[in-house]
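Trainee: Please take me through one part of this model closely, and then show me how the rest of the chain fits around it.

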Amino acid sequence: MGYDIDLSKISIEDYKDIIESSHLIPSWKALKEHIDHLGIIKKQGIHNLQELQKILKRKDRLVEFSKQSGLPEPYLNVLRRMINGYLRKPNRIKDFPETSEEIMSKLEKHGIKNTHHLFERIITQEDRAQLSKQTGISNKEILRLTRLTDLSRIRWVNHTFAYVLYEAGYDTLEKVANANPDQLYATIKKLNAERNFYPAHIGLNDMKMLVESAKMLPLDIEY
């Protein structure tokens with residue numbers, strides 16, 4: 001259980017399968033083109049993504065590993081960015097639309113400022129009922145923030161897009177993980193055209209990557 005993907009549970013062999021089946025942005029396609037490089041990484045005694053992430057975390061260690069393994073630094077840099085992306089920076093609660101200053105003040109009194117803080121307090125219905133009692137925030141509002149927190153765990157989902165997904169009816173991690181990307185894309189595109197949530201273009205491949213990312217996370221929050 002945890003806010004992020006548990007990298008220690010993704011073996012190098014599993015990650016090869018993930019890369020081969022994933023939709024990647026252009027700058028990451030080198031990972032597919034050089035998929036056999038993961039076999040070289042495994043031969044260096046690295047068994048899972050957590051071990052690999054630690055090695056690639058610092059520039060000096062990445063350079064040293066490049067020399068040791070014979071793998072190009074540009075490839076390892078792409079791999080580092082890909083893996084680090086699984087560890088989501090939490091969204092700030094106050095950035096979610098329709099979250100009042102009064103609610104934020106009540107949450108901050110209990111040390112809750114972002115979705116990572118909130119995640120640890122809203123896993124079960126009992127947890128949420130207790131938090132509602134402690135803060136004086138309604139059960140309905142706690143549940144809304146719970147759903148936005150759940151969505152915020154997905155890669156690339158910032159506070160705005162979490163709200164868009166919520167408003168579109170894809171209001172839990174599980175719903176996004178089970179979504180048809182084509183239908184999700186059509187729904188989001190139509191909703192944004194009507195309500196103008198964001199100016200950027202989000203394409204079908206973005207929705208495919210979103211669904212793939214959601215599938216990698218454990219469904220920890222109980223509804």
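Mentor: Let's begin with Leu 71, which sits in the loop between helix H5 (59-69) and H6. Helices here are DSSP runs of H or I with at least four residues, strands are runs of E with at least two, and both are numbered from the N terminus. Before we go on, keep in mind that this is a predicted model, in which local features need pLDDT of at least 70 and side-chain atom pairs count only at pLDDT 80 or more, while totals for chains, interfaces and linings use all residues. Residues are numbered from 1 along each chain as its sequence is written, and side-chain values use heavy atoms, leaving out hydrogens and water.

Is Leu 71 buried or exposed? Its relative accessibility is 2%, so Leu 71 counts as buried. The label "buried" means under 20% relative accessible area, "exposed" means over 50%, and "partly exposed" covers what lies in between, with a 1.4 Å probe and protein chains only. Next, look at what surrounds this leucine. Not counting residues up to four places away in sequence, Leu 71 touches His 37, Ile 40, Ile 41, Phe 65, Ser 66 and Leu 76; a contact here means heavy atoms within 4.5 Å. One of these partners, Ile 41, is 30 residues away along the chain, yet the two C-alpha atoms are separated by 8.6 Å.

Ile 41 leads us to the interior. The largest nonpolar core has 70 residues, and those with the most contacts inside it are Tyr 15, Ile 41 and Leu 165. The largest share of this core, six residues, comes from helix H6 (residues 73-84). Such a core is a set of buried Ala, Val, Leu, Ile, Met, Phe, Trp, Tyr and Cys residues joined through side-chain atoms within 4.5 Å. Nonpolar side chains tend to be buried together in soluble globular proteins.

Now follow Leu 165, another of those core residues. Leaving aside neighbours within four places in sequence, Leu 165 is in contact with residues including Leu 151, Val 157, Tyr 170, Leu 184, Ile 188 and Leu 210. In helix H11 (residues 159-167), the buried residues are Phe 161, Ala 162, Tyr 163, Val 164 and Leu 165. They pack against four helices: H10 (139-152), H12 (173-177), H13 (181-195) and H14 (204-215).

The two ends of H11 deserve a look too. At the N-terminal end, Asn 158 acts as a cap, with a side-chain oxygen 3.2 Å from the backbone nitrogen of Thr 160. After H11 comes Gly 169, whose phi is positive, near 95°. Trp 156 also has a positive phi, about 75°, although it is not a glycine. This tryptophan lies in the loop between H10 and H11, and its 40% relative accessibility is why Trp 156 counts as partly exposed. Glu 98, in the loop between H6 and helix H7 (101-108), has a positive phi as well, near 70°. Glu 98 is exposed, with a relative accessible area of 60%.

Helix H9 (residues 125-135) holds Ser 132, which is buried at a relative accessible area of 10%. Beyond residues up to four places away in sequence, Ser 132 touches Ile 137, Ser 138, Asn 139 and Ile 142. H9 also holds Gln 125, which is partly exposed at 48% relative accessibility. Where does Gln 125 reach, leaving aside its neighbours within four places in sequence? Its contacts there are Glu 222 and Tyr 223. A polar atom of the Gln 125 side chain lies 3.4 Å from the backbone oxygen of Tyr 223.

Finally, step back to the whole chain. It has 14 helices and zero strands, and its C-alpha atoms fill a box of roughly 60 × 40 × 25 Å along the principal axes. Buried residues make up 48% of its 223 residues. Among contacts with a separation of 6 or more, 64% join residues 24 or more positions apart. The link between Leu 71 and Ile 41, 30 residues apart along the chain, gave you a picture of such a separation.

Methods. Polar contact = N/O pair within 3.5 Å; in protein donor to acceptor, adjacent residues only side chain to side chain.
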